[in-house]
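Here's a quick walk through the fold, from the sheet and its helices to the cysteines. Have the structure open as you read.

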Amino acid sequence: MSFIIYSPCRRLQPFIRYYWILRTNETQDVLTFPIGCPQLIFHRLTRFYIPEFEAEQARFSISGQVNFPARIQSSGDVETIVVVFYPHAIGTMFNIPVSAFYNQEIDGYSLGDKSLNILADDVLNADDSQDAIKMIEKWLLSRLEESAIYNFNRVGASLKHLFIDNSISVKNMAQLACLSRKQFERVFFNAVGMKPKEYSNVVRFQKSLWLMQNGNRDFADIAYSCGYADQSHFIRECRRYSGTTPAELLKTQPVYSDLFTSPF
């Protein structure tokens, strides 16, 4: 199995967290959690099967914000390229509301975007994955919407503080964005594809994964550090986003926080 991570070019670094490429002939069955970041997914060979949707991902799929765990399965012969966006960045590239991707695995071809369809064809038929990533970057650079950058920066300021203080209120996030609460909730939803309160819950869960990933096994301390009301609240939220309790999760698989861990 080969798993390679690439950093985006300098101009795209505020928008793209990273690209990853998976090549394997091994059977896959992996439990995934809400990571808080939309993704573009290109399956150059075998596609992933998602039991929760009772369907395979499309060869070119757009994965939006989700609030539930899901399994990813494949029978092998995989070569997949994934673009991982920052939470509020995908709207700078697309001309449809990001909320359309909420809890969805959308076939990218179904959007009817001619240039996007051409990109997908080129990526899926490229000689190798590295060439495909160059094609993706060229397309992303061409699609940056300067008109969307203003709200991108506003929402980014609030997200920066949310990642530091998981218990920050929506009201205070709105103040950091210099918007009324009502305006902020609309702008945030349009940029992130999830309402601020719900997204805060995903961030809090990801922070708890990061603490467990780094050796913390004191669930009461994790609850306090992440802004949960108490240990019972943390356990309920963990069950909601992972399908199991923290104790069982630690027993069954390696715990990893995508949102709070730098792949580099």
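## Sheet and helices

In this predicted model, helix α1 (residues 114-124) lies across β4 (39-43), β7 (60-63) and β9, and runs at about 45° to β4. Helix α2 (residues 129-143) packs on the sheet as well, where it touches β1, β2, β4 and β9, and its direction makes about 155° with that of β2.

What about the sheet itself? It's an open one with six strands, in the order β1-β2-β9-β4-β7-β10 and with antiparallel pairing. At the edges sit β1 (2-6) and β10 (105-107), each of which pairs on one side only. On average, neighbouring strands of this sheet are turned by 20° against each other, if you ignore direction.

Zoom in on β2 (residues 16-24) and β9 (residues 78-85): these strands run antiparallel and are joined by eight bridges. For a handy spot to check, take Tyr18, whose bridge partner in β9 is Val84.

## Around α3 and α5

Now for the helices further along the chain. Here's how α3 and α5 compare with the expected span at 1.5 Å a residue.

| Helix | Residues in helix | First to last C-alpha | Expected span |
|---|---|---|---|
| α3 | 16 residues | 23 Å | 22 Å |
| α5 | twelve residues | 16 Å | 16 Å |

Both spans come out close to what's expected, for α3 and for α5.

Which residues of α5 are buried? They're Phe184, Val187, Phe188, Ala191 and Val192. These residues cover an arc of only 110° around the axis, so they sit on the same side of α5. As for what covers them, that includes α3 (149-164), α4 (170-176) and α6 (196-213). Just after α5 comes Gly193, with a positive phi near 90°.

The view from α3 fits with this. Its buried residues are Ile149, Phe152, Arg154, Val155, Gly156, Ser158, Leu159 and Leu162, and the buried residues of α3 pack against α4, α5 and α6.

Val187 is a good residue to click on here. It lies in helix α5 (residues 181-192), and it counts as buried because its relative accessible area is 6%, under the 20% cut-off. Leaving aside residues up to four places away in sequence, Val187 touches Asn151, Val155 and Leu179. One of these contacts, Val155, is itself among the buried residues of α3. For a longer-range distance, try Val187 to Tyr228: they're 41 residues apart along the chain, and their C-alpha atoms are separated by 26 Å.

## The cysteines

Last stop, the sulfurs. A disulfide is a covalent bond between the sulfur atoms of two cysteines. How many disulfides are there? With a cut-off of 2.5 Å between sulfurs, the count is zero.

Cys9 is in no disulfide, and the nearest cysteine sulfur, that of Cys37, is 18 Å away. Is Cys9 buried or partly exposed? It's partly exposed, because its relative accessible area of 26% falls between the 20% and 50% limits.

Why is the sulfur of Cys226 in no bond with the closest cysteine sulfur? That closest sulfur belongs to Cys238 and is 11 Å from the sulfur of Cys226, which is too far for a bond because the limit is 2.5 Å. As for its surroundings, Cys226 counts as buried because its relative accessibility is 1%, under the 20% cut-off.

Terms used: Residues are numbered from 1 along each chain as its sequence is written. This is a predicted model: local features need pLDDT of at least 70, side-chain atom pairs count only at pLDDT 80 or more; totals for chains, interfaces and linings use all residues. Side-chain values use heavy atoms; hydrogens and water are left out. Helices (H or I, at least four residues) and strands (E, at least two) are DSSP runs, numbered from the N terminus. Buried means under 20% relative accessible area, exposed over 50%, partly exposed in between (1.4 Å probe, protein chains only). Contact means heavy atoms within 4.5 Å. The expected span of a helix is 1.5 Å times one less than its number of residues. The arc is that of the directions from the helix axis to the C-beta atoms. Two strands pair if DSSP finds at least two bridges between them. Axes are lines fitted to C-alpha atoms, for helices over the stretch in contact, and angles run from 0 to 180 degrees between N-to-C directions.
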